[in-house]
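Fancy a walk around this structure? Open your viewer, keep the selection box handy, and follow the stops below.

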Protein chains: 2
Amino acid sequence: MVTIKDVAKEANVAPSTVSRVISGHKSISENTSKKVKAVMRKLGYEPNVAARTLVTQKTKTIGLILKTASKEMTQNPFFTDVLMGISIACKKRAYSTIMTTAIESEELIAEVESLMKSKSIDGFIMLYSKENDPIIKLLKKNKFPFVVIGKQLQERDIIHIDNDNIEASELMTQFMIDKGHNHLAFIAEPDSYAVAIDRIEGFKKVCIKNNVNEFQIFNARPERNEIMEVVKKMKEQKVFPSAIITSDSMLNINLLSALYHYNIRIPDDVMTATFNDSFINESASPPQTVVNIHPEYLGEEAGIAMIKLIEDPNIIKKNTIIPTEIIERASTKRQENV
Amino acid sequence: MVTIKDVAKEANVAPSTVSRVISGHKSISENTSKKVKAVMRKLGYEPNVAARTLVTQKTKTIGLILKTASKEMTQNPFFTDVLMGISIACKKRAYSTIMTTAIESEELIAEVESLMKSKSIDGFIMLYSKENDPIIKLLKKNKFPFVVIGKQLQERDIIHIDNDNIEASELMTQFMIDKGHNHLAFIAEPDSYAVAIDRIEGFKKVCIKNNVNEFQIFNARPERNEIMEVVKKMKEQKVFPSAIITSDSMLNINLLSALYHYNIRIPDDVMTATFNDSFINESASPPQTVVNIHPEYLGEEAGIAMIKLIEDPNIIKKNTIIPTEIIERASTKRQENV
DNA sequence: TTGAAAGCGCTACCAA
DNA sequence: TTGGTAGCGCTTTCAA
C-alpha cells in the first residue's frame with residue numbers, strides 16, 4: 001500500500017506537507033504542490049479513508065433510514081428515485097451513503113443506534129415521517145444530526161423536505177373535474193401515513209368545493225386481489241365511477257390489472273390517474289396521467305440539507321417544499337381518432 | 001464518546017482485555033467477560049469502526065459495481081432484488097455494502113479504482129458480465145478480490161454466479177409450444193449482453209427442434225415507442241404471432257402497453273410471457289407468465305461467495321448456477337369461463 | 001511556507 | 001488468563 005509517508009519521502013517533503021497539499025491548504029507554495037501532486041499520481045496514491053476518519057471524526061457518509069427494507073419498499077420506484085437523488089447529491093460533495101436493511105421496527109432501532117454509536121456515519125436522512133417515531137426520539141436524545149423526507153408533524157426544530165400533498169391532490173382532482181367528471185373515486189392505502197391522509201384531504205376538499213355529484217374513498221393495500229375486490233364493489237353500484245385516482249403507483253398498476261380483467265377500457269369507460277411518475281406509469285396499459293412529485297429532487301434536496309447541517313450544526317432549520325405538476329397521458333385523453 | 005479505554009478503566013482491566021472480550025477470544029475467563037460486557041452495556045459502548053479498520057486493514061464492506069447507475073438500471077426490479085439479496089447476505093455476516101454511482105464507463109473505472117486504493121472495501125461484486133471488461137482487468141492487475149453475477153466468458157479463474165439462461169429460455173419456449181403455438185415471436189434488447197444472447201439461443205433451438213411453423217426475433221430497447229414499432233410491424237404481417245416472449249420485464253410492460261393501444265387482448269388474441277418475476281409482472285394487465293430466475297438468490301449467493309473469498313483468498317473458485325422455473329399466470333391461460 | 005511529533009481508538013504481539 | 005504497548009495512516013498543532 002502506498003501511504004502519505006511514501007509520497008513524502010519520494011517528494012522530499014514532510015508528511016504534513018503532503019497532507020496539506022491533499023486538503024488544498026492555502027499556505028502551500030505552487031511549487032511544492034505541483035511536485036507532490038506529481039509524486040502522488042506517479043505512485044498511485046489514494047488517501048486511506050479509515051485513517052482520515054479516525055483523526056477527523058468525520059466519516060463523510062450519510063445513513064439512510066428506511067421504514068422497512070422490504071420488497072414493497074425497495075421495488076417502489078418512488079423510493080429508488082429518492083435514493084438515487086440522495087446518492088447523486090452526496091457523491092457530488094464527496095459523501096457516500098449507507099442504507100438500513102432492517103425489516104422490523106425493533107431491528108431498525110438497533111441498527112440506527114449501532115451506526116450512530118460506532119461513528120460510522122455523520123448524519124441520517126429519514127425516508128418517512130411518522131407520529132411519535134422512536135427513532136426521532138433516539139436521534140434527538142443523542143443530538144445526532146438528521147433530516148426528514150416527509151411531512152412536518154409536531155416537531156418544529158427538524159428539517160423536513162416534502163411535497164405539498166394536499167395541493168398536489170387538489171390539482172389532480174380539479175383536473176379530473178375539469179374533464180367533466182361528476183363521479184370520482186379515490187383509492188388509498190389503509191395504514192394512515194401522512195402522505196395518504198393529505199391526498200385524501202385534497203381530494204375531498206375539491207370535490208366538495210365543486211359540488212361533485214358523487215365521490216368515494218376506498219382503502220386497499222397494493223395487492224391485486226384487494227384491488228379486485230374494490231373494483232367488484234364499484235361494479236355492484238348503480239353507476240361505475242367515471243374517474244379513479246390512486247394515491248400511489250403500486251395501487252395504480254393493480255387497478256389497471258383489475259380493470260383489464262373486467263374489460264373496462266381506459267379512458268373510454270373510466271379515466272385513471274395517480275401520484276408519482278416513473279416508467280411504470282409511462283409504460284402502463286395505457287400510459288397514466290400522473291402528478292409528478294419529483295422524488296429525485298426530494299432526495300437531492302435532502303442530501304444537500306443534510307450535508308449543510310453536518311458541516312454547520314448551527315444552520316437555520318428551514319423546510320423545503322418540492323413543487324408538483326401534472327403530466328397528462330393517454331389515461332385521461334378522450335380518444336377522438338377511434 | 002465512550003472508548004475501549006473508558007470501558008477498561010470502569011471494569012478495572014486493560015484495554016486489550018476489553019478488545020478480547022469483544023472479539024470473543026477464547027482465553028478470556030467467564031468472569032471477566034461478564035464483567036466487561038456489563039460495563040459495555042452500562043456505558044453504551046460501540047466499537048469505533050474507523051479505528052478497527054485502520055489496524056485490521058479489513059473494512060467489512062463490499063463494493064457493488066453497477067454497469068451504470070441510471071434509472072433504467074436502478075428501477076429495474078431485477079436489480080433491486082439482486083441488491084437486496086446481497087444486502088441481506090452481507091448483513092447476516094456483519095458486512096455492509098456500498099454501490100457505485102457512476103453513469104459513464106470512464107467515471108465508473110475511476111470510482112472503482114478509488115474505492116480499491118483508498119482501502120474503503122474488501123472486495124467487489126460485479127452486477128454484469130461483459131467481454132473484455134476494463135474493470136475486470138483493473139481488478140485482476142491489482143489482485144483485488146471480486147465475484148461476478150453473470151455469465152462466465154473467457155476467464156476461468158473468476159467466481160461467477162448465474163442462471164442457465166439458455167435452459168431457462170428453452171423451458172419457456174417449450175411451454176409455449178406445448179400450448180399449441182406455431183408462430184412465436186421473441187423480443188430482446190439490441191445491445192448484446194450475454195443474457196439476451198443466451199435467451200435468444202434457447203428460443204431458436206427449441207423452435208427448430210419442434211419444427212415450429214414460424215418464429216421471429218425482434219430487437220427493441222425498453223421504450224414504449226420502440227415496442228409500438230415492433231407491434232406495428234407484427235400487425236403488417238399476414239399473420240400476427242400467437243405468442244410473444246420478451247427477454248426482460250421492462251420490454252414486457254411496454255409490449256403490454258402497445259398491445260393495449262391496439263386493443264389486442266391477452267391471452268385471447270396473443271399469449272405473452274417474460275423473464276424475471278416481480279410485482280410488475282404479477283400486477284400486470286393481465287398478470288404475466290414468467291420464468292423466475294430468482295434474482296434475490298443470485299444476490300445472496302454472490303454475497304456469500306464474496307465473503308468466503310475475502311476471508312480465505314485460496315478458496316476453490318467454483319461457479320454457482322441458480323435454478324429457474326416457470327410461474328404460470330393469466331397471460332397464458334386460455335379463458336374458459338368467458 | 002514547511003517540518004516534527006502527538007494522538008485519533010483499536011488490535012495484536014510479547015511478557016508476565 | 002491478563003497487561004503493557006507499539007503502531008495502523010492520517011491530520012493538526014506548535015515551532016521553526
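Helices (H or I, at least four residues) and strands (E, at least two) are DSSP runs, numbered from the N terminus. This is a predicted model: local features need pLDDT of at least 70, side-chain atom pairs count only at pLDDT 80 or more, and totals for chains, interfaces and linings use all residues. Residues are numbered from 1 along each chain as its sequence is written, chains are lettered from A and ligands numbered from 1 in the order in which they are written, and side-chain values use heavy atoms, with hydrogens and water left out.

**Stop 1: a loop with a cis proline**

Select P267(B), which sits in the loop between α12 and β9 (271–275) of chain B. The peptide bond leading from I266(B) into P267(B) is cis, with omega near 0°. Now jump to chain A: P267(A) is in the loop between α12 (249–261) and β9 (271–275), and the bond from I266(A) to P267(A) is cis, with omega near 5°. While you're checking backbone angles, click K60(B), in the loop between α4 and β1 (61–65) of chain B. Phi of K60(B) is near 55°, a positive value in a residue other than glycine. Most residues other than glycine have a negative phi, and most peptide bonds are trans.

**Stop 2: DNA strand C**

Show strand C and pick out the residues near it (a residue is near a strand if one of its heavy atoms lies within 4 Å of it). You should get 26 residues around DNA strand C, with T17(A), R20(A), I4(B), R20(B) and Y45(B) the closest. What do the strand C atoms within 4 Å of the protein belong to? Sugar or phosphate for 66% of them, bases for the rest.

Zoom in on some individual atom pairs:

- T17(A): an N or O atom in its side chain is 2.4 Å from a phosphate oxygen of DNA strand C.
- I4(B): here a backbone N or O atom lies 2.4 Å from a phosphate oxygen of DNA strand C.
- R52(B): a polar side-chain atom lies 2.9 Å from a phosphate oxygen of DNA strand C.

For polar contacts, the rule is a pair of N or O atoms within 3.5 Å; within protein, one must be able to donate a hydrogen and the other to accept it, and residues adjacent in sequence count only if both atoms are side-chain atoms.

Colour by element next: α4(B) gives the largest share of the surface near strand C, four residues.

**Stop 3: DNA strand D**

Switch to strand D. Again 26 residues surround DNA strand D, and the closest are I4(A), S19(A), Y45(A), T17(B) and R20(B). Sugar and phosphate make up 63% of the strand D atoms that come within 4 Å of the protein.

Click S19(A) to find a polar side-chain atom 2.8 Å from a phosphate oxygen of DNA strand D. For a base contact, go to R20(A), where a side-chain N or O atom is 2.9 Å from a base oxygen of DNA strand D. At N48(A), look at the backbone: a polar atom there is 3.1 Å from a phosphate oxygen of DNA strand D. Which element gives the most to the surface near DNA strand D? That's α4(A), with four residues.

**Stop 4: where the chains meet**

Hide the DNA and select the contact between the chains (heavy atoms within 4.5 Å). The contact takes 53 residues from chain B and 53 residues from chain A. Buried area is the accessible area (1.4 Å probe) that two parts lose on being put together, summed over both; for chains B and A that comes to about 4,600 Å², 58% of it on carbon and sulfur atoms. On the chain B side, highlight Q75(B), Y260(B) and F279(B): these lose the most area to chain A, together 16% of what that side buries.

Finish with salt bridges (a side-chain nitrogen of Lys or Arg within 4 Å of a carboxyl oxygen of Asp or Glu). Six of them cross the interface of chain B and chain A. One salt bridge to click pairs E111(A) with K91(B), the closest N and O atoms being 3.7 Å apart. Another runs from K91(A) to E107(B), with the closest N and O atoms 3.1 Å apart. K91(A) lies in helix α6 (residues 77–92) of chain A and E107(B) in helix α7 of chain B, so this pair joins two chains.
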